[in-house]
Structure formats: C-alpha cells, structure tokens
Amino acid sequence: MMHEQSPKIIINSSKCPPCKTLICAGVCPMGIIELGENQKPVIIDYSSCTKCAVCISLCPSKAITLEEKKINEK
Ligand code: SF4
Ligand code: SF4
C-alpha cells in the first residue's frame, strides 16, 4: 500500500516504558490501541484513527507522534 497520503500515528516502542496504566490505550476514543507483544501498545486499526492526537498529548514519555508518510526521497 503505497498510496497512503495522510500522516500516521506512530508509537515508538523504544520510548515507551510502557506506563503502568497504558494511558494511550485508555484514552483513545476509537479503542484502537491495544496491548501487543512485549506488553507495549500497538495500534490495531490505522484506518479508524481520527488523528485526534489525544494519545500524543497524554503520553508521559512522548513516545507517540504523528508522522508524515516517508516517501522515497531518492
Ligand atoms: S490519534 Fe486519537 S484515534 Fe488515533 S490512536 Fe491516538 S487517540 Fe486513538
Ligand atoms: S501512554 Fe505512552 S508510555 Fe504509556 S503505554 Fe502509551 S505509548 Fe507507552
């Protein structure tokens, strides 16, 4: 799938401790953040993400970002 145009929420696992209460999973209004392997959160359905940025603003470790799709730049 190379045609995705909008920015995408990225959880940077290396920056995620994770926090005890898994804040991001708890606050996501779409319920698309779940506990994945290694007891760290994963986004299970990108197409449902509204990019509300609640997860970004509440993550105490700033492990979540909204990133532009990386287009092959030569
Ligand atoms: S931006 Fe909003 S909808 Fe998307 S994963 Fe974060 S909290 Fe959920
Ligand atoms: S809120 Fe941040 S630190 Fe806590 S589980 Fe989610 S990504 Fe990890």
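Okay, the core. The largest nonpolar core in this predicted model has 11 residues. Those residues are Ile9, Ile11, Cys16, Cys24, Cys28, Ile33, Ile43, Cys55, Cys59, Ala63 and Ile64. Keep the cysteines in that list in mind, because we'll run into several of them again at the ligands, starting with Cys16, Cys24 and Cys59, which are among the closest residues to ligand 2.

Zooming out for a second: buried residues make up 18% of the 74 residues in the chain. The chain has 2 helices and 4 strands, and if you read along the sequence you get β-α-β-β-α-β. On contacts, take the ones with a separation of 6 or more: 59% of them are between residues 24 or more positions apart.

Now, which residue in the core reaches out to both strand S1 and the cysteines? Look at Ile64. Leaving out its neighbours within four places in sequence, Ile64 is in contact with Ile9, Ile10, Ile11, Cys24, Cys55, Ile56 and Cys59.On to strand S1, residues 8-11. Which of its residues sit on the covered face, and which on the uncovered one? Ile9 and Ile11 are on the covered face, while Lys8 and Ile10 are on the uncovered one. That fits a general pattern: side chains in a regular strand alternate between the two faces of the sheet. And you've already met Ile9 and Ile11, since both are listed in the core.

S1 has a partner. It pairs with S4 in the antiparallel sense, over 4 bridges. One residue to look at there is Thr65, which lies in S4, residues 64-67. Thr65 is the bridge partner of Ile10. The C-alpha atoms of Thr65 and Ile9 are separated by 5.7 Å, with the two positions 56 residues apart along the chain. Leaving aside neighbours within four places in sequence, Thr65 contacts Ile10, Asn12 and Ile56. Is Thr65 buried or partly exposed? Partly exposed, because its count is 16 C-beta neighbours inside 10 Å, and buried starts at 20.

Next, the ligands. Ligand 2 has 14 residues around it, and the closest are Cys16, Pro18, Cys19, Cys24 and Cys59. By class, that shell has 13 nonpolar, 1 polar and no charged residues. Ligand 1 also has 14 residues around it; there the closest are Cys28, Met30, Cys49, Cys52 and Cys55. The shell of ligand 1 divides into 12 nonpolar, 1 polar and 1 charged. And to link back to the core, Cys28 and Cys55 are both in it.

Let me stay with Pro18 for a moment. It's in the loop between S1 and helix H1, which is 23-27. The peptide bond from Pro17 to Pro18 is cis, with omega near -5 degrees. In the same stretch there's Leu22, which lies in the loop between S1 and H1. Leu22 isn't a glycine, yet it has a positive phi of about 50 degrees. Both of those are worth a look on screen, because most residues other than glycine have a negative phi, and most peptide bonds are trans. As for exposure, Leu22 counts as partly exposed, given 16 C-beta neighbours inside 10 Å.

Where's the other positive phi I want to show you? At Lys51, with a value of about 60 degrees, and again it's not a glycine. Lys51 sits in the loop between strand S3, 41-43, and helix H2, 54-58. Lys51 counts as exposed, because it has 12 C-beta neighbours inside 10 Å.

Ile44 lies in that loop between S3 and H2 as well. Ile44 is partly exposed, with 14 other C-beta atoms within 10 Å. Not counting residues up to four places away in sequence, it touches Ile32 and Glu34. Its C-alpha is 6.1 Å from that of Ile33, 11 residues away along the chain.

Last stop, Asn38, in the loop between strand S2, 33-35, and S3. Asn38 counts as exposed, because there are 10 C-beta neighbours inside 10 Å. Asn38 and Pro18 are 20 residues apart in sequence, and C-alpha to C-alpha they are 9.5 Å apart in space. So that takes us back to Pro18, one of the closest residues to ligand 2.

Technical notes:
Residues numbered from 1 in each chain as written. Chains lettered and ligands numbered in written order. Predicted model: local features only at pLDDT ≥ 70, side-chain atom pairs only at ≥ 80, totals over all residues. Near = placed C-beta within 6 Å. Nonpolar A, V, L, I, M, F, W, Y, C, P; charged D, E, K, R; others polar. Contact = placed C-beta atoms within 7 Å. Core = buried A, V, L, I, M, F, W, Y, C linked by C-beta atoms within 7 Å. Pairing = 2+ DSSP bridges.
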